[in-house]
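Colleague: I am new to this model and would like to learn how to read it. Could you walk me through it step by step?

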Amino acid sequence: NFHHLFSPLTVNGLELKNRILMPAFHMKYADHGYATDRLKEFYYERAKGGAAMILVGGMRIDDLGGDIGLDSLSDDSFIEGYQELVKGIHQRGAKVGAQLYHAGRYMRSSSMPDHLPGLSASSTFSGFSRETSREMSVEDIRLTQQKWAEAAVRAKKAGFDAVEIIACTGYLICQFLSEITNKRTDEYGGSLENRCRFGQEVVQAVRRAVGPDYPVFMRITGNDFMPGGAGFAETVAFAKAVEEAGVDLLNVTGGWHETQIPQITGDVPPGTYTYLAHQIKQAVKIPVSASNRINDPYVAEEVLALGKSDMVSMARALLADPQWPNKVREGRLCEIRKCMGCNQGCLANSFFDKPGECLVNGKAGREYLFRDKPAPEKVKKILVVGGGPGGAEAAVNLAQRGHQVTLWEKSDRIGGQLPLVAAPSGKRDFMELIGYYESMLAKSGVEVVCNKEADAAEAAAGGFDVVITATGVIPKTMPLPNDDGSVPAYTAHQILAKEVIPGKNVVIIGGGTVGCETAHVLAEAGTLTPEQYHFLCIHHAENREFLDDLMNHSLRNISIVEILPKIGKGFDPGTAWPLLQGLDRMGVKKYPNTKVLSVKDKVVTVERTAKDGAVSVIEIPCDIIILAVGAVPNDKLYRELEGKVPELYNLGDSSGIGKVLTAVRDAVDLAYSI
Ligand code: SF4
């Protein structure tokens, strides 16, 4: 049972029904800061799902600290809309707080009202905003602290149960704490005590404004993992300082946006960073919440049972499945749609200022579109061909809408290409999506027929009102120039499916996502496991070069040859860098702007054009060539069925090469249109 997870907690008089906290997630559903229908429905769904408390935000406290797309409490005009949101969340059984946000030097001048650089403790260059900040005067400091306090009062007026001050991830308060960004010589710089002062005064200002009985949380960084930044000693001192200043709960995460150690990608083992919360918890008396990659109920329960923290913060887990808490409480673990740590719909969208989505949840952030959808006028008999994520998602949604659904899958298990997607160590969680679909197909009453090769005549004669083809892709191959046949060539799909185990000298042709991930899978064999590597990284953050050099070279010689100027094209921001960093660490050689000249006597000869135009010829010893040169839609069945069934749809990759995210989203939309 999950006794610890579902035990109540009281924080400064605020009664929480369980230990699940949904931290603020900058989803960009607001309209110029005002609460929208989209924003409300998103949170209402999470409130219904059983979390004890939701933190909305980050909410702008003024125009200098946050982008216009964020939620806002920067003046009184915002209060009314959020009052309604708060009321709706309360009606659905959850408590709600407002995260009050100031990004400091992470603000880009293009987002600032006056197009001046972002404010910070000192004038320093940020690798995240790619700009140099403006040092705050003492007057700026006072004004910003006052804005924080005023926004807190507005939050209280709007009915929020608490406020949370953001002091994590490299935002403004971190910039005062860290010596990397704080070069001041006044009372806000220099000694640790002085560097804690700004954040401490923000808390004091907020506390004075809201009174002693109103819960004030703070989201802090347990260790910024920035060489020369705020490590354990600084963050513990800061935690004690803000506790003394009046904080009631510390919500602990790790890292900055510039940190070069992965914090939330799929290769971070679940629960890895809960030790940060534990370190803080040992130093303070107030409750502490642990964060980062807590997506599994057993991990969450264990964190609490071991006393590492008093709450667990889960943002992406609840984006992926708002019903996560209810499902855990009711023992419906197989029905949990787990967050994959892929960052493809949430973090990647935020980099492009797009509203957040989720790869595994096609309704996430779009709940308002489905709220008033009428039930189908007629129950239809529907055939879905292909049990990949698109086909399975469509089948489940159609069956849940009341249709009579049959799913044909040609292999012995549903999942389509998911086992290949899950091959890299950072994407292993994708295998769990197969288990989820198996459970949900069974629960929703879909008739699943595996080992069933679809035949157009049989499908057309089956009496189906609707046929949906979700038949995936066919990997492309290509002839190699001047090839003497001395080296066998396979597709990346064959390698990821483990049809062949390559030897030592590997040449991968094609440096897009599939080529890079295949290189990663092959390079990892015989090196440290992701768990070992992360352990070493976080405990030896200052000594990464030594570690990488000593411990993590691949046993294979792997070269990626790409004709385009860039290796890694097609990755989402936020997911590419750990993978590309891993390739470098394991010694994978990358040849962009390079074409194959010949394959002879187990040597691949390539011609590379450098950035300055210089051309060089390189000979690469090779036992196996792997082709990662794309794929084409497998739409044969769809074309054969055209005009032969009453309604026909082509879904996912068989209609055009896309991503799991688009296949899942399109599947939901299609299911709700039938
Ligand atoms: Fe998790 Fe990926 Fe969904 Fe983000 S997009 S919540 S990382 S599954």
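Colleague: What follows α8, and what is the sign of its phi?

Modeller: Helix α8 is followed by Gly307, and the phi of Gly307 is positive, near 75°. Keep in mind that this is a predicted model.

Colleague: Which residues of α8 are buried?

Modeller: Helix α8 runs over residues 297–305, and its buried residues are Pro297, Ala300, Val303 and Leu304. They cover an arc of only 130° around the axis, so they sit on the same side of α8.

Colleague: And what covers the buried residues of α8?

Modeller: The cover includes two helices, α7 (274–283) and α10 (324–329), along with the strands β14 (288–290) and β15 (311–313).

Colleague: Back to phi, then. Which residue other than glycine has a positive phi near 50°?

Modeller: That is Phe225. Look for Phe225 in the loop between β12 (216–221) and α6 (232–245). Lys498 is another case, with a positive phi of about 65° although it is not a glycine. Lys498 belongs to the loop between α17 (492–496) and β22 (505–509).

Colleague: Is Phe225 buried or exposed, and is Lys498 buried or exposed?

Modeller: Here you count C-beta neighbours inside 10 Å: 20 or more make a residue buried, and 12 or fewer make it exposed. Phe225 has 25 such neighbours, so Phe225 counts as buried. Lys498 has 11, so Lys498 counts as exposed.

Colleague: What about a residue in between those cut-offs?

Modeller: Take Thr36, in the loop between β3 (20–22) and α1 (37–48). With 17 C-beta neighbours inside 10 Å, Thr36 counts as partly exposed. Leaving out residues up to four places away in sequence, Thr36 touches Tyr29, Ala30 and Asp31. Gly658 is in the loop between β30 (647–650) and α23 (660–673), and its 15 C-beta neighbours inside 10 Å make Gly658 partly exposed. Apart from neighbours within four places in sequence, Gly658 is in contact with Gly652, Asp653 and Ala663.

Colleague: Omega is the next angle on my list. Which peptide bond is cis, with omega near 0°?

Modeller: The bond from Gly57 to Gly58 is cis. You will find Gly58 in strand β4, residues 53–60.

Colleague: Now the ligand. How many residues surround it, and which are the closest?

Modeller: The ligand is surrounded by 14 residues, the closest being Arg316, Cys339, Gly345, Cys346 and Cys358. Sorted by class, this shell has 9 nonpolar, 4 polar and 1 charged residues.

Colleague: Let us step back to the whole chain. How many helices and strands are there?

Modeller: The chain has 23 helices and 30 strands. Its radius of gyration is 27 Å, close to the 26 Å that the globule rule gives for 674 residues, so the chain is as compact as a globular protein of that length. The C-alpha trace spans about 75 × 65 × 50 Å along its principal axes. Of the 674 residues, 53% count as buried.

Colleague: Finally, which domains does the assignment give?

Modeller: The assignment gives domain 1 (9–369), domain 2 (374–474 + 632–673) and domain 3 (477–629). Between the C-alpha centres of domain 1 and domain 2 there are 38 Å. To read where those two meet, look at the contacts: 17 residues of domain 1 are in contact with 20 residues of domain 2. On the side of domain 1 that touches domain 2, there are 5 nonpolar, 6 polar and 6 charged residues.

Definitions and conventions:
Residues numbered from 1 in each chain as written. Predicted model: local features only at pLDDT ≥ 70, side-chain atom pairs only at ≥ 80, totals over all residues. Near = placed C-beta within 6 Å. Nonpolar A, V, L, I, M, F, W, Y, C, P; charged D, E, K, R; others polar. Domains from an automatic or database assignment. Contact = placed C-beta atoms within 7 Å. Helix = DSSP H or I, 4+ residues; strand = E, 2+ residues; numbered from the N terminus. Rg over C-alpha atoms; globule rule 2.2 N^0.38 Å. Arc of directions from axis to C-beta.
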